[in-house]
Structures are given as C-alpha cells and as structure tokens.
Amino acid sequence: MSKTHKIAVLPGDGIGTEIVAEAVKVLQTLDLSLELEQALVGGAAFDAHGHPLPESTLKLAQQADAVLFGAVGDWKYDQLERQFRPEQAILGLRKNLGLFANFRPAICYEQLTHASSLKPELVAGLDILIIRELTGDIYFGQPRGRRTATDGHFPGAPEGFDTMRYSRPEIERIARVAFEAARKRNKRVTSVDKANVLETSQLWRDVVIEIAKDYPDVALDHMYVDNAAMQLVKEPKKFDVVVTGNLFGDILSDEAAMLTGSIGMLPSASLNSQRQGLYEPSHGSAPDIAGKGVANPLATILSAAMMLRYSLGEEAAADRIERAVQQVLSQGLRTGDIYSEGTTRVGTVQMGDAVVQALR
Ligand code: NAD
C-alpha cells in the first residue's frame, strides 16, 4: 500500500468552494491513498469563528503534507479592520508555514493561444516560470502604519507608510530556488529588481550575482521591474525563469497570467524548505461570478497536480492530471472565461466531470 498523504482542504470564499470541489473530485479519482480534511478559511471562517485564520485551521494546515486552497475575499469584508480581512488568512498561512517560494507558471496552451490579448505568434508555446519571494518585502516589513507627517511635501498631513526590506539570507534562499528550477528547464534566470532606485533592490542584485557563481551552467540576467513589465508583453517567450521580490512578483505574475488568456487556467505553488506547500489557483475569489457555476476550475485542478508533484512525490499522477486537462481542452470544452466561437461552453461542474472522465 502506498503512503497516505494528508491534505488540508481550505476552499475559502466566493468561487473557492466551487472550484475546490472539482479539484477534490479529480484527486479522488486517482488511485492514491489520500486523507482529505476540510476547514474554513477567509471570510467564511470570520463569519463562523470571528477570525479569517482560526487556530484549528492553522493547526490542520501545519500538520498536513500539503494544503489545497481555493480563494478568499469578498467586497462585504472590505470595511473590516485589516487583521480580520479574509486576505490576512493567506498572509498568515504563508508566514506560519514559512512558505517563502511561490511558483507561478505561465503556460500558454496551444488550444488557447487565441484567448490571449496578444498576437498568437507572441504567446504560442509560452512557458515561463515566475518565482516570487513570498514572506518578505514591503508586505511584511516593519514599521508600517498611519501617522502625521513631520516632513515631506505636506508636513502635518495624515500619511501612510510601509517598509521595503530584504535580508541577505532571504535573497540567497530564493535565488537558489530559482537557479535549481532553471536547471530543470532552459537554464536561464532573469532577476527583476529596481536597483537603480531602491537600496533593497541593490542588495538583491548583489546577492543574486554572488549565488549565480554556484550555478555556472545557468545564464543570469537582470532587469528593472518597469522594463520587465514591458518585455513581458513585447517578447514574453524570451523569459525562462523570472525571480523577483514579493511586491514586483505579485504584479508581474498577474501580468504573465493574462498572456495566457485566462487567469482561470493558472495554478500556483508556495513551498517551504521542507517542501510542504500550499497550492492554489492564481486568481481570487471572483465575487462577481460566485455561486453561478461558471468559474473555471482548471487552475485549481492544475494546482492539485502541482501538489502531487512538488509536495507528495506523485509525479506520475501529476502528469496524468495535466494530460487530462489537455484532453478536455482538445475536446473543445471551455468555461466562459476561455470560451471562443466554435468551442463548447460548459460550467464548473461539467468541466470537472470532463477531467474525471479523461482520467478514467
Ligand atoms: P479575482 O481574481 O477574484 O477576479 C478578477 C476577474 O477574473 C473577475 O472578473 C473574475 O470573475 C475573473 N476570474 C477569476 N477567477 C476566475 C475563474 N476561475 N474562472 C473565471 N473567471 C475568473 O480578483 P479581484 O476581483 O481583484 O478580487 C476579488 C476578491 O478576491 C477580493 O476580495 C480579493 O482580495 C480576493 N483575492 C484573493 C486571492 C486569494 O485568495 N489568493 C487572490 C487575489 C484576490
């Protein structure tokens, strides 16, 4: 009997519950020993327990081999104090599990090249891996807050402030992750920063150059973030692995996502040094379409495949899921976000069923 893998299933809010149900269905079709346990997170957890990341949910995640996460957030929580907002659950999970490396592949499936807003020849065959540092930078840097300005252009006016910071070890470990990943791909790393303006970025660049010496087989280049944003739409196929900080990575990975046609197609993985990971679609809870049964579950299903590959060591099962997804796309099945004339529009559940069918 194969090892039992313990998976914490956290569907969250909005379309989270709909898409995670499909990924669970797909996982349960596989001939694997999986122990799936579900818990509330985000707005749903706030409503039930008064906190977006209750102690019991965090404990479940900590004890699991991997976490399958849907999405959190809804406009109705926007007025809550920041610490109670659904999005704090993700930040809390990343911090508590030490998930410092975020993998966001942007792959343009042959069947979907026309769904991209770029010309098909620019995106056909696109396969970029964006590696975003996830536990540092301006999102976590202290001090932060609100105060009365004592200097600047408007002394005496209320102001908000945050702190961008990275330490050498934080940069070192994410750089190594990127070089290792590049070795398994096309052996190229582009490090994105803003070293012409920011001290944090200058340290980032210095450390990446230093670490690169241990990987002479991988080519390294550097790009300022504003240029990277431009190059991603101008000539996206010239990238292989992109490594960058939390803030720049947040923005660039969404931009790369759009190159592929739909954010509904893109999985992501966040790993710690023990390869324990949190797997989630790259998109949010999409309150505008929640409950309508139209959300694309493929990003979540592909996240489950990444979970099998990176945290559970079930490479063959991951390959099977990815092939099954290719197959349903080749059959012409499309949710609304990737629909085009001549294809067949299906809902969330039908798409999940089709993947299950393809697996069988
Ligand atoms: P979003 O990703 O939820 O939605 C952006 C657009 O993409 C919407 O039009 C939506 O309908 C569409 N979309 C997203 N996923 C889709 C899917 N699977 N199938 C079809 N269409 C899809 O981003 P947003 O609207 O900026 O944010 C909505 C909420 O989600 C906010 O509360 C935000 O804070 C939260 N959010 C959560 C996460 C997360 O849980 N990791 C990430 C981003 C945003």
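Two strands pair if DSSP finds at least two bridges between them. Strands here are DSSP runs of E of at least two residues, and helices are runs of H or I of at least four residues, both numbered from the N terminus. The model on screen is predicted: local features need pLDDT of at least 70, side-chain atom pairs count only at pLDDT 80 or more, and totals for chains, interfaces and linings use all residues. Residues are numbered from 1 along each chain as its sequence is written, and side-chain values use heavy atoms, with hydrogens and water left out.

**Stop 1: strand β4 and its partners**

Select residues 101-107, which form strand β4. Six of the seven residues of β4 are buried, so the strand is largely enclosed by the rest of the structure. Buried means under 20% relative accessible area, exposed means over 50%, and partly exposed lies in between (1.4 Å probe, protein chains only).

Now add residues 127-133, strand β5. Seven bridges join β4 and β5, and the pairing is antiparallel. To find the register, pick I107, whose bridge partner in β5 is D127.

Then add residues 267-271, strand β11. β11 also runs antiparallel to β4, and the two are joined by three bridges. Here the residue to pick is A101, which stands opposite L271 of β11.

**Stop 2: T260, ahead of β11**

Select T260, in the loop between α9 (246-259) and β11. Is T260 buried or exposed? T260 has a relative accessible area of 2%, so it counts as buried. A polar atom of the T260 side chain lies 2.6 Å from the backbone oxygen of A257. This is a polar contact, that is, a pair of N or O atoms within 3.5 Å; within protein, one must be able to donate a hydrogen and the other to accept it, and residues adjacent in sequence count only if both atoms are side-chain atoms.

Show the surroundings of T260 next, leaving aside neighbours within four places in sequence. T260 is in contact (heavy atoms within 4.5 Å) with A106, I107, C108, L112, L126 and L266.

**Stop 3: T113, after β4**

Move to T113, in the loop between β4 and α5 (120-123). T113 has 14% relative accessibility and therefore counts as buried. With neighbours within four places in sequence again set aside, the contacts of T113 are C108, P120, V123 and A124. C108 is also among the contacts of T260.

**Stop 4: the loop between β5 and β6**

Select D137, which lies in the loop between β5 and β6. What is the sign of phi at D137? Phi is positive, about 75°, although D137 is not a glycine. D137 counts as buried, at 3% relative accessibility.

P143 lies in the loop between β5 and β6 (145-148) as well. Check the peptide bond from Q142 to P143: it is cis, with omega near 0°.

**Stop 5: R275, after β11**

Go to R275, in the loop between β11 and β12 (277-281). R275 is a residue other than glycine with a positive phi, near 65°. With 42% relative accessibility, R275 counts as partly exposed.

**Stop 6: the ligand**

Select the ligand and the residues near it (those with a heavy atom within 4 Å of it). How many residues surround the ligand? There are 21, and the closest are V72, E87, G284, A286 and D288. By class, this shell holds 10 nonpolar, six polar and five charged residues. Ala, Val, Leu, Ile, Met, Phe, Trp, Tyr, Cys and Pro count as nonpolar, Asp, Glu, Lys and Arg as charged, and the others, Gly among them, as polar.

Three distances can be displayed here. An oxygen atom of the ligand lies 2.8 Å from a backbone N or O atom of V72. A polar backbone atom of G284 is 2.7 Å from an oxygen atom of the ligand. At E280, a polar side-chain atom lies 3.1 Å from a nitrogen atom of the ligand. On its own the ligand has 800 Å² of accessible area, of which the protein covers 69%. Accessible areas come from the Shrake-Rupley method with a 1.4 Å probe; for residues, only the protein chains shown count as cover.

**Stop 7: K76**

Finish at K76, in the loop between β3 (66-71) and α4 (88-97). K76 counts as exposed, at 59% relative accessibility. Measure from K76 to P287: the C-alpha atoms are 9.8 Å apart in space, while the residues are 211 apart in sequence.
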